[in-house]
Amino acid sequence: MRIDAYHANRMRRAAAYRDAVADVESDPREFFAARIASLRARAGLSQADLASLARTTQAVVSRLESAVGDPKLGTIQRVLDALRGHQPRPRHRARRGARASRRLARQAP
Amino acid sequence: MVAAGPRLHWLHERASPFRDYIVHDIMHPAWVVEFYGAPGRPGKLLQEIEGLLTPRQFARFVKRVHWLEALGPRLDAGYFDRVAGSKLRLGEFRLTLEDVEFRVLFSLEPSRTYVMLAAYKEQRGGIPRSAIATAEQRLLAWRARHHAD
């Protein structure tokens, strides 16, 4: 059985589960956990790689992704800054950038 | 905790965990995660898992399974382990759900399919032998049914 089918069934039938899902959805730690895990994985980084880029430990990254504990704002910022530096640039921006560079090169004396 | 301000707007715009897999409003999982079900009781393992966890822990578990569907092994080595002593090369999906260390034994089958077979809360003695035996028995039953279909 797939999890979505089971989840949908429980959402219809179990009020306690509905409340729990609402609770988890509104937890900011869960918001950051999902985004950090997703961005890290898509940048091809392991938790240890990300930890070293963000000047922290793998255990801290693991705790952030598990949405446990009470992380410091500074830690979250360092991790997000490290991830931002590793995101591929969107293609259209790269093309626009390349076009602008060529134009500037032509204009240059 | 922080509210997402201008500094974090890029995070909202570009970091939806499942964004790559939504086509015409339909989510297409990159990996299939299938939970073992007995004949006539398709939700058997998920019912067992729900029985082991609180509703909040189970809600977090559902989210982590969505990550696995989207990212597969890219999730990180820390989420996976090999089960020593398993003849069928089982793996272990390792999660921290609030204050519980939770493990699900699985087999990675062809067609990018994780078959989840048995679950337990981690205790000091390592993986319970009974969980490995159950998982192996279920995997053989799943393969027999799957190949018969």
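Biologist: How should one read the pairing of S4(B) with strand S5 (residues 91–97) of chain B: is it parallel or antiparallel, and over how many bridges?

Modeller: Strands of a sheet pair through backbone hydrogen bonds, and this pairing may be parallel or antiparallel. The model before us is predicted. In it, S4(B) and S5(B) pair in the antiparallel sense over three bridges. One can begin with B:Arg82, which stands opposite B:Gly91 in S5(B).

Biologist: In what order do the strands of the sheet in chain B stand?

Modeller: The order is read across the sheet. The open sheet has five strands, arranged S3-S7-S6-S5-S4 in chain B, and the pairing is mixed. S3 and strand S4 (80–82) of chain B each have a single partner strand and stand at the edges, so one side of each is left without a neighbour in the sheet. From one strand to the next, the twist averages 35°.

Biologist: Which helix packs on this sheet, and which strands does it touch?

Modeller: The helix is H3(B), which touches S3, S5, strand S6 (100–109) and strand S7 (113–121) of chain B. The direction of H3(B) makes about 135° with that of S5(B).

Biologist: How many bridges join S6(B) to S7(B), and in which sense do these strands run?

Modeller: S6(B) and S7(B) run antiparallel and are joined by eight bridges. B:Glu109 stands opposite B:Thr113 in S7(B). The two strands form a hairpin with three residues between them, and there B:Ser111 takes a positive phi near 65°.

Biologist: Do S3(B) and S7(B) run parallel or antiparallel?

Modeller: S3(B) and S7(B) run parallel, with four bridges joining them. B:Glu34, for instance, has B:Val115 in S7(B) as its bridge partner. S7(B) is also mostly covered, as seven of its nine residues are buried.

Biologist: Which residues of helix H2 (residues 44–52) of chain B are buried, and where do they lie around the axis?

Modeller: The buried residues of H2(B) are B:Leu45, B:Leu46, B:Ile49 and B:Glu50. They cover an arc of only 140° around the axis, which puts them on the same side of H2(B). The buried residues of H2(B) pack against S3, H3 and S7 of chain B, together with helix H1 (3–13) of chain A.

Biologist: Is B:Gly40 buried or exposed?

Modeller: The reading rests on a count of neighbours: a residue is exposed if 12 or fewer other C-beta atoms lie within 10 Å of its own. B:Gly40 is exposed, because it has 6 other C-beta atoms within 10 Å. This residue is found in the loop between S3 and H2 of chain B.

Biologist: How many residues of chain B are in contact with chain A, and which elements supply them?

Modeller: In chain B, 31 residues are in contact with 31 residues of chain A. Helix H1 (9–14), strand S3 (32–35) and helix H3 (55–71) of chain B each supply at least two residues of the side that touches chain A. H3(B) gives the largest share of that side, nine residues. By class, the side of chain B that touches chain A has 19 nonpolar, four polar and eight charged residues.

Biologist: How many helices and strands does chain B have, and in what order do they run?

Modeller: Chain B has four helices and seven strands. From the N terminus on, the elements of chain B run α-β-β-β-α-α-β-β-β-β-α. Buried residues make up 34% of the 149 residues in chain B.

Methods: Residues numbered from 1 in each chain as written. Chains lettered and ligands numbered in written order. Predicted model: local features only at pLDDT ≥ 70, side-chain atom pairs only at ≥ 80, totals over all residues. Contact = placed C-beta atoms within 7 Å. Nonpolar A, V, L, I, M, F, W, Y, C, P; charged D, E, K, R; others polar. Pairing = 2+ DSSP bridges. Axes fitted to C-alpha atoms, helices over the stretch in contact; angles between N-to-C directions. Buried ≥ 20, exposed ≤ 12 C-beta atoms within 10 Å, placed from the backbone. Arc of directions from axis to C-beta.
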